[in-house]
Amino acid sequence: MVFKRRDRRPIWRIVVEALWPKGGWGRAARYVRLRLNRLPDPPHKIARGIFAGVFTTFTPFYGLHFVVAGMLALVLRGNVIAALLSTFFGNPLTYVPIGVASLKTGYWLLDMGKGPHPQPGDHHGNLVDKFFAAGADLWDNLLAAAYGEATDWTRLDIFYNEVFYPYMIGGILPGIICGLIAYYISLPLISAFQNRRKGVIKAKLAELKKRKAEAARKG
């Protein structure tokens, strides 16, 4: 196949490079920045795409961030490629603080801990326990449905009410804040890069015309 790697990587290497890419996260960040600067679109459209990508990293739709970012970029009339590249903001180094900020904000906005909404505690296990319990619940119930047995969605219901829904609601506010910060930082930087690039191109064209004119006079 044309796009098949010549050197087949073992599973452990794929996992390691997903957590720490070759060359480090600094090199990966520089690569993303260069790609964003060279996108052929107006700066405000690229910046909208960056907003969409950064905002998406605060949503709990892991595995679908590319899809969500692309759709949001289309709604905002932003650059879709910029949105996809900007989901890089969510990576193994930032997912923990992003998750904590989203969950804490969700608990606060939903007023969990007061009234009919109890504060999520450890009586159902910690976050990791709830995540794996929900996955096991989904698998067990799919098998039960296939064999015509009774299903029990208790653990998945706990995960939805105590993790997914608060995460989804709580990620909106910090997602908007970080997205706007990324937008207003990237807009002047991309504008400056594109203006400088246009100046370099104009200078090269002027030099080319000058050389042609001199060659015509000598000829």
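**Helices in a predicted chain**

Student: What helices and strands does the protein chain have?
Tutor: In this predicted model, the protein chain holds nine helices and zero strands, and from the N terminus on its elements run α-α-α-α-α-α-α-α-α.

Student: And how much of the protein chain is buried?
Tutor: Of the 219 residues in the protein chain, 32% are buried, while the area that the chain exposes comes to about 15,000 Å², with carbon and sulfur atoms supplying 66% of that area.

Student: What share of the contacts join residues at least 24 apart?
Tutor: If one takes the contacts between residues at least 6 apart in sequence, 69% of them join residues at least 24 apart.

Student: OK, switching to pairs: how do helix 3 and helix 4 cross?
Tutor: The axes of helix 3 (residues 43-56) and helix 4 (residues 65-75) come within 8 Å and cross at roughly 145°, and the crossing is right-handed.

Student: Which residues meet there?
Tutor: From helix 3, Ala 52, Gly 53, Phe 55 and Thr 56 meet His 65, Val 68, Ala 69, Leu 72 and Ala 73 of helix 4; by class, this contact has six nonpolar, three polar and no charged residues.

Student: Now helix 6, what's its reach?
Tutor: Helix 6, which covers residues 95-109 and so has 15 residues, reaches 21 Å from its first C-alpha to its last, close to the 21 Å expected at 1.5 Å a residue.

Student: Which of its residues are buried, and what follows helix 6?
Tutor: The buried residues in helix 6 are Ile 98, Gly 99, Ser 102, Leu 103, Thr 105, Gly 106 and Tyr 107, and helix 6 is followed by Asp 111, which has a positive phi near 55°.

Key. Residues numbered from 1 in each chain as written. Predicted model: local features only at pLDDT ≥ 70, side-chain atom pairs only at ≥ 80, totals over all residues. Heavy atoms only, no water. Helix = DSSP H or I, 4+ residues; strand = E, 2+ residues; numbered from the N terminus. Buried < 20%, exposed > 50% of the residue type's maximum accessible area, 1.4 Å probe, protein only. Contact = heavy atoms within 4.5 Å. Areas by Shrake-Rupley, 256 points an atom, 1.4 Å probe, with all protein chains shown as cover. Expected span 1.5 Å × (residues − 1). Axes fitted to C-alpha atoms, helices over the stretch in contact; angles between N-to-C directions. Left-handed = near helix turned anticlockwise from the far one by under 90°. Nonpolar A, V, L, I, M, F, W, Y, C, P; charged D, E, K, R; others polar.
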